[in-house]
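Please take me through the model below as you would in a tutorial, with a general idea before each case.

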Amino acid sequence: MKKSIILIMTIAILSATKAFAQVSADDALQMLADFTPYLCNQYQPIEQANSKGEQIATFKGENTFGNNEQGVRHNADLSMVCAFLCKYGKDKVMLPDSITWEQLAEMARTTLVYAYSTHKANKLFPCKGGQYWGSVSRSNNSWESSLWAMSVAYSAFFQWNELTKQQQSYIYEMLKAECNYELERDIPTGYKGDTKAEENGWECDILAVTLGLFPNDKLAPKWFDRLREFAINCYSHPDDKDDQTIIDPEYDKTTVASLYKGANLYEDYSLQNHNYFHTSYQNVVVQELGEAALALKLFQKELYGNERWKTNALMHNNQKVMDNILYPLALPDGELAMPNGNDWSLFLYDQVTSYSTMACFLRDSKSLMLEQLALEQIKKRQKTTSDGSWLLRADVGARRMGVEAHRVMMTWLMHHILPTTDIQPTTWEDFSNQFAKTKPIDEQDVVTASTSNRFVCFSWSKGLHNTTGYFAPINKLENNIIVPFKANGTGNFIGWYEVEGKRTDAVDISHHAEPIGDNGFIINGQLATNERTLLNDYYIIATPGNAIIYIDNVVASADCRITKERGGLLAISVDPFTSEKREICYNTFSTTSLNGDYLFRMKAPWVNIDNCIGIISANEDGMMAFGDKRNNNSINTAKLYASYSDQARDMKANENVGSRFIVYYSNVSSTQTQEFSKQMKPVAKLPNGWNGMEVMDTDGSRYLILYSFNHSESNEINIDKVRNKVKADHVIVATRLEYH
């Protein structure tokens, strides 16, 4: 495939943005207190006692009383949060009027007793079906049980002085069994599709909490050695096999290379889970390692007065993952961009504890800034609910609530143990200057770029194949107006056609991306869609300024009947967390407030959303539409179709279905959008097979976009001649000669 020719005369310069307000650790503590109505609503006492006569209770969830993740994990997390509040929140935060500290203490105690009673190491009370949970040996284990047991251990620590010696022994038996299983088992590796980085992270946690509670146990040295081995093989990178760095010189001469089992990261420090590049799984390992380090420090210092066990292995490669992958994806509200979308609740900001780990343990001022921004959004989203729960329409109910509470709690604890009052958070301007440049994540087939106005990304997802992207205005208030979205093999920008009798799907045939200056890129690609009845050749151009341009040409590969067109797609949030209605302005400044409940059609060459997102189309007589609201991973999401039709038409093989030229802008008003629409002009008298369009960017510069989908040597174009005719500031030339 011949690469696109790119001529860029100037590069946009990032402008300054103001620093954002801080949300303190005390806010996090109050947020957890505000969560207590949800805790009380989920609390379920159990009439029977355990076999030792102890009162027990659990929290209701997806599989209440079950011995799997849906039955155990949320109870462990919510028990931990109750115990945490009793230990650290009393006299510091206000509980809702109907809730008392005595209630929370009872909830913490009884659910902790239930957790250790139902573990295989104790068997004091069965889960439903007469089963128990946990891992006690290589031949008798449960996936993820160490993660649940870690939360049980934190709950026990918070209540340690209230527990009897016998109860402490039940905690010991549970943790010893989980840790001894870790001594027996293999340490898994592998980075394609299903990384083991996250799983190894939670194995670190169980070993760390056990060492923290029982540092003088005769098995402690073995647990410590295994902890370091798991830690090195969380964010394990191929280079680690030759890394002779001594991990903990105060203990021994053990090196990174000597503990390395295999890679859980690609060469570029990215990873995959759930069979695609998933930023939530990319970051969660930092959190897990931080929680392990926290347990070692907090438990040993409070219970024993000193840290017998601590290790640098728990911070292994954290900074490299942040610098190479996560920081380039960070947005100005603390969110991490999701080029492939997500398969759990969106806009959770549950990476907050990963930021806290970096800020508290590695003194990273960049993460401190992002943590404060994320906490602000978590607090805002909690305000959308009536019972203090973290979000509406949670994808996995109490489990999701427990996870979010867990992370807010850990963030507070990290600052409690390792205050950051001596660190000045970096500014967004400085952060952007370091990480805004065009960033290809080659191993995942993702490209990103940022300017002072917008972040944009595009992905050809490996594993779960998809061709989609999105952009976010660099604007804290509207940062999440556009939702990461994928459907039918495509998603944002491309959208889809529907063909009678054919599945609505898309198969990537070929694609290529390359940078434009420091802050833009150009993509050319080809998709076969609708069971290969249509062929879509497309370009996506992100200028180094503000404009994002989508161009395509669709041809029928076989006789077919097209029934719908849903092109130029943007998924728009219409949710209590963001905005339940959007101000849609179009054409002659008709303005309509819409929530997406019905499909609103507009015959217009341009549309603006909330005086923030401007969209213009070269098809002046075309139809646009807004609606089709759905719950998209806990966020109500409508669709803006910049090229829309319900007009059925019959197509013959090799017949042209349509061509689209659409431009998207961030942080622009309706007036500006209309002006950009007026300024967009086709270029006349080009060689056969060529098209051209003049496009204005928000800095006042004019782009000449020259493109061809069937360029050949016989119809070469004189770029300088065309440029002089239209007096463009910048020229971008996109061509495609052949496909492979």
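What follows is a dialogue on reading the cores, aromatic pairs, a cavity and some single residues of a predicted model.

Q: Which residues have the most contacts inside the largest nonpolar core, and which helix gives the most to this core?
A: The general idea is to look for buried nonpolar residues that are joined through side-chain atoms within 4.5 Å. In this predicted model, the largest nonpolar core has 202 residues, and those with the most contacts inside it are Tyr154 and Leu413. Helix 10, which spans residues 279-304, gives the most to this core, with 12 residues. Apart from this core lies another, of 25 residues, among them Trp606, Ile616, Tyr665 and Tyr707.

Q: With which residues is leucine 413 in contact, leaving aside its neighbours within four places in sequence?
A: With sequence neighbours within four places left aside, leucine 413 is in contact with Phe84, Tyr88, Tyr154, Phe158, Leu294 and Leu298. Four of these names, Phe84, Tyr88, Tyr154 and Phe158, return in one aromatic cluster, which also includes Phe157, Phe299 and Trp412.

Q: How many aromatic pairs does the structure hold, and what is the geometry of the pair formed by tyrosine 154 and phenylalanine 158?
A: An aromatic pair is read from the distance between the ring centres and the angle between the ring planes, and planes from 30 to 60 degrees apart count as tilted. The structure holds 40 aromatic pairs. Tyrosine 154 and phenylalanine 158 form a tilted one, at 6.0 Å centre to centre and with 50 degrees between the planes. Both residues lie in helix 5 (residues 145-158), four residues apart, or about one turn of the helix, and both are buried.

Q: Why does the pair of tyrosine 281 and tryptophan 344 count as tilted, and which parts does the pair tie together?
A: The ring centres of tyrosine 281 and tryptophan 344 are 5.1 Å apart and their planes stand at 50 degrees, so this pair is tilted. Because tyrosine 281 lies in helix 10 while tryptophan 344 lies in the loop between helix 11 (318-326) and helix 12 (352-361), the pair ties together parts that are 63 residues apart in sequence. Tyrosine 281 and tryptophan 344 are both buried.

Q: How many cavities of 30 Å³ or more does the structure hold, and which residues line the second largest?
A: A cavity is read from its volume and then from its lining. The structure holds six cavities of 30 Å³ or more, and the second largest has a volume of about 80 Å³. Its lining comprises 13 residues, of which Gly495, Trp496, Tyr497, Thr529 and Asn536 lie nearest the centre of the cavity. Strand 10 (residues 495-499) gives the most to this lining, with three residues, and by class the lining has five nonpolar, six polar and two charged residues.

Q: What is the phi of glutamate 144, and what is that of glutamate 531?
A: Most residues other than glycine have a negative phi. Glutamate 144, however, has a positive phi of about 80 degrees, and phi of glutamate 531 is also positive, near 55 degrees. Glutamate 144 is found in the loop between helix 4 (101-117) and helix 5, whereas glutamate 531 lies in the loop between strand 12 (520-529) and strand 13 (534-542).

Q: Is glutamate 144 buried or exposed, and why?
A: Burial is judged by a cut-off, and a residue under 20% relative accessible area counts as buried. Glutamate 144 is buried because its relative accessible area is 5%, while glutamate 531, with a relative accessible area of 32%, is partly exposed.

Technical notes. Residues are numbered from 1 along each chain as its sequence is written. This is a predicted model: local features need pLDDT of at least 70, side-chain atom pairs count only at pLDDT 80 or more; totals for chains, interfaces and linings use all residues. Side-chain values use heavy atoms; hydrogens and water are left out. Buried means under 20% relative accessible area, exposed over 50%, partly exposed in between (1.4 Å probe, protein chains only). Helices (H or I, at least four residues) and strands (E, at least two) are DSSP runs, numbered from the N terminus. Contact means heavy atoms within 4.5 Å. On a 1 Å grid over the protein atoms alone, a cavity is a set of points where a 1.4 Å probe fits but cannot get out, and a pocket is an open set with protein on both sides within 12 Å along at least five of seven lines; lining residues have an atom within 4 Å of a point. Grid points are joined across faces, edges and corners, and a volume is the space filled by probe spheres set on the points. Ala, Val, Leu, Ile, Met, Phe, Trp, Tyr, Cys and Pro count as nonpolar, Asp, Glu, Lys and Arg as charged, and the others, Gly among them, as polar. Rings of Phe, Tyr and Trp (its six-membered ring) pair if their centres lie within 6.5 Å; planes under 30 degrees apart count as stacked, over 60 as edge-to-face and the rest as tilted.
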